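Reader: I should be grateful for a close look at the aromatic and charged side-chain pairs of this chain. Please describe the geometry and the surroundings of selected pairs.

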Amino acid sequence: MTSSARHETDKRVVRTKKAIRSALFRIMENKDIADITISELTAEANVNRRTFYTHYRNITDILTEVETDFVTALKQLADNFDPQNYEESTYKLFLEFDKLISCEFNFYFHLVHVDMRGVLMSRLKSIIKRSAETIVEYISRKRGSDATIVAAYISGGFFNVYIEYINSDGAVTVEHAAKVASKMVSVCVKNAGEILA
């Protein structure tokens, strides 16, 4: 297979998977995932069952793949976090996190609502918590359980500000929410020294 043929095949696979994912989340708007059939999904996605089974074993595989893609993208964002400039980095991370959800994973928040075990939210929080641990370690030069607890507090606050922003239905701008989150992180970090002394 030539490189251009392989590229076309790759693009076709991406388009097919996107069609299947989008169809699943459209159906999930009105139906519990446990009640969705492969036939219903393939009809909505305008693909045949054979095509579906080329890419997935079942509907749960789709959720797992989307979750993995999202977590990977978030890890890439968190890897760019600069602990020396934590307030500005938090602001940027908040904006990029929102862009990731609203632009690239515009249907993705449905997963948070159907993630009954809390596995997805735990994975997301652990990634953000790593950035918080980097800040705490950088500022205090300390590790250990207290530093981990402070980092958990910071990352929990970050997520709670984001959830409040989402729930505000436009009453709060993403820029304002990002500013609040970055200021909260700054206050926590500046006072972390007393806790970690």
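Author: What follows takes the aromatic pairs, then the salt bridges. The model is predicted. Its aromatic pairs number eleven. In one of them, the ring centres of Phe97 and Phe158 lie 6.2 Å apart and their planes meet at 65°; because an angle over 60 degrees counts as edge-to-face, this pair is edge-to-face. Phe97 belongs to helix H5 (residues 86–104) and Phe158 to helix H8 (residues 145–167), so that the contact links distant parts of the chain, 61 residues apart. Phe97 and Phe158 are both buried. They also belong to one aromatic cluster, together with Phe70, Phe94, Phe159, Tyr162 and Tyr165.

Turning to charged side chains, the structure has ten salt bridges. One of them joins Lys17 to Glu65, at 2.6 Å from N to O. This pair, too, links distant parts of the chain: Lys17 lies in helix H1 (residues 3–28) and Glu65 in helix H4 (residues 59–79), 48 residues apart.

A salt bridge also forms between Lys99 and Glu96, at 3.4 Å from N to O. Both residues are in helix H5, and because they are three residues apart, about one helical turn separates them. Lys99 is partly exposed, with 43% relative accessibility, and Glu96 is partly exposed at 32%. Elsewhere, Lys17, Arg21, Glu65 and Asp69 are joined into one network by salt bridges that share partners.

Lys31 and Glu40 form a further salt bridge, with their closest N and O atoms 2.9 Å apart. Lys31 has a relative accessible area of 31% and is partly exposed; Glu40, with 27%, is partly exposed as well.

Definitions and conventions. Residues numbered from 1 in each chain as written. Predicted model: local features only at pLDDT ≥ 70, side-chain atom pairs only at ≥ 80, totals over all residues. Heavy atoms only, no water. Phe/Tyr/Trp six-rings, centres within 6.5 Å; stacked < 30°, edge-to-face > 60°. Helix = DSSP H or I, 4+ residues; strand = E, 2+ residues; numbered from the N terminus. Buried < 20%, exposed > 50% of the residue type's maximum accessible area, 1.4 Å probe, protein only. Salt bridge = Lys/Arg side-chain N within 4 Å of Asp/Glu carboxyl O.
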